[in-house]
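Subject: A structure for you to look at

Hello,

Here is the structure I promised to pass on to you, and I would suggest that you open it beside this message. Below it I have written down what was found, residue by residue.

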Amino acid sequence: MSFSQLGLSAKVLAAIEAAGYKQPTPIQEQAIPHVLARRDVLGIAQTGTGKTAAFVLPMLTQLEQGRARARMPRTLILEPTRELAAQVAENFEKYGKNSKLNVALIIGGVSFDDQDAKLLRGVDVLIATPGRLLDHFERGRLLLSACELLIIDEADRMLDMGFIPDIERIGKLVPFTRQTLFFTATMPPEIQRIADTFLHNPVRVEVSRPATAAATITQLLCHTGRDPHEKRETLRRLIRGAENFKNAIIFCNRKREVALLHKSLVRHKFNAVALHGDLDQSARTAALDAFRKGEAKLLIASDVAARGLDIPDVSHVFNFDVPHHADDYVHRIGRTGRAGKLGTAITIVAPADSKSVAAIEKLTNMTIPWMEKSATVATEGDAPVEARPPREERSRGEHRRDRTPQPRRQHPDPARAPRSRPQRDHDEPDMSHLPAFLLRPVSIKA
DNA sequence: AAAAAAC
């Protein structure tokens, strides 16, 4: 099957070829003809399946005819996060360079007036997060009565984030006669109910999880203590020892922890940027840009970056914290091993996390190996000596007395290891339980 | 338990 058989316009086919794509993915192959036939589509697909192009490409073909009127967008795409919205906008740039379409990105955290000016000029494609869209609507800067196509992307995530009331409200502002595309990764009952209210006689298109996800990602667990300093030390050791390292996303459960860890890594001369929802939008965009361009090797992030972000070449994902929700784990590690590339996902597990790990193993239906289990026992002399942290860090509540390094024996099952650790009589972590490949130092550009 | 999203 080739793109030329799907009914796309010549301009769009030329753009696809220029982008270097040869073959449609299963979701594109199944959805594009229905979208072009103006059917409603219920798409069940994860990110990484080519879902975005499955609606961008036929939209470009459809929109070649007709023209937008001031303040009346012709199509509307709703996304749960600002970064995802921006990413969809980039797709229109990429495939739409032969078309003269007006694309507007309507998200929070950036100038309202610039967006307003764009709306006034008339937009063919409006890509929005719900809050800012409703803001424009309430101020009377936007009418949805000429909108022919509504796309709800990442519906299950919108549900998680409590956006469904906003989405339902927006749905009522768009004419009943519109075409609707509804994408979700999972189909819990609540999402099914919402899909039923939004869609009329939809075609159901379902693709399995990208086979790439499980197969190309090496997953590992690494045991650590509960002390934050020790966790950070474990992380630094994992990064320095990572095999085939190119870059990494490091996930934390809390925004505060993202900021803290980012500071600490920068102090340790790592080339790191941070991304979470409390940063202003320019900082968020700058961080993501730097990471995408390879200027920053480490991206420390909250779950704002867990789903959908498409960075084709991430070699490692580290979970600094075990996610509380097992499906977040799946989304986080899916940031690596993309587009057929190999990836490694290492989760740092403190004693209190065993329940969360069990839930993840249940969901993924696999036992994730502990790094210790495949250990090649290294002698003390083999372990690289880690640079002593700079003074500032030691003075920030992380004082520890200098002690002679002592090898620590690993409990056979770290999840059941006694909670009270006998004594902390080493300044450097014990590396004797690590496989040899993790002990090889890797230099990271500062 | 937390993240995300509007001024």
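Arg38 sits in the loop that runs between helix α2 (26-36) and strand β1 (41-44), and please keep in mind while you read that this is a predicted model. The backbone at Arg38 has a positive phi of about 65°, although this residue is not a glycine. Its relative accessible area is 41%, and because exposed would require over 50% and buried under 20%, Arg38 is described as partly exposed.

Where else does a residue have a positive phi although it is not a glycine? Asn244 does, with a phi of about 55°, and this residue belongs to the loop between α11 (228-241) and β9 (248-251). With a relative accessible area of 68%, Asn244 is exposed.

Turning to the surface, you will find a negative patch that is formed by Glu90, Glu93, Asp289 and Glu295. One of these residues, Asp289, lies in helix α13, which covers residues 281-293, and Asp289 is partly exposed, with a relative accessible area of 33%.

Finally, there is an annotation to compare with the model: an unreviewed UniProt entry places the feature "domain: DEAD-box RNA helicase Q" at residues 1-29. Over residues 1-29 the chain is 45% helix and 0% strand, while the C-alpha atoms at the two ends of this stretch are 8 Å apart.

Best wishes

Conventions:
Residues are numbered from 1 along each chain as its sequence is written. Chains are lettered from A and ligands numbered from 1 in the order in which they are written. This is a predicted model: local features need pLDDT of at least 70, side-chain atom pairs count only at pLDDT 80 or more; totals for chains, interfaces and linings use all residues. Side-chain values use heavy atoms; hydrogens and water are left out. Patches are made of residues with over 30% relative accessible area and no salt bridge: like charges are joined within 9 Å, nonpolar side chains (Val, Leu, Ile, Met, Phe, Trp, Tyr) within 5 Å. Accessible areas come from the Shrake-Rupley method with a 1.4 Å probe; for residues, only the protein chains shown count as cover. A salt bridge is a side-chain nitrogen of Lys or Arg within 4 Å of a carboxyl oxygen of Asp or Glu. Lys and Arg count as positive and Asp and Glu as negative; His and the chain ends are not counted. The place of a charge is taken as NZ of Lys, CZ of Arg, CG of Asp or CD of Glu. Helices (H or I, at least four residues) and strands (E, at least two) are DSSP runs, numbered from the N terminus. Buried means under 20% relative accessible area, exposed over 50%, partly exposed in between (1.4 Å probe, protein chains only). UniProt positions are given in the numbering used here, feature names are shortened, and annotations may be inferred rather than shown by experiment.
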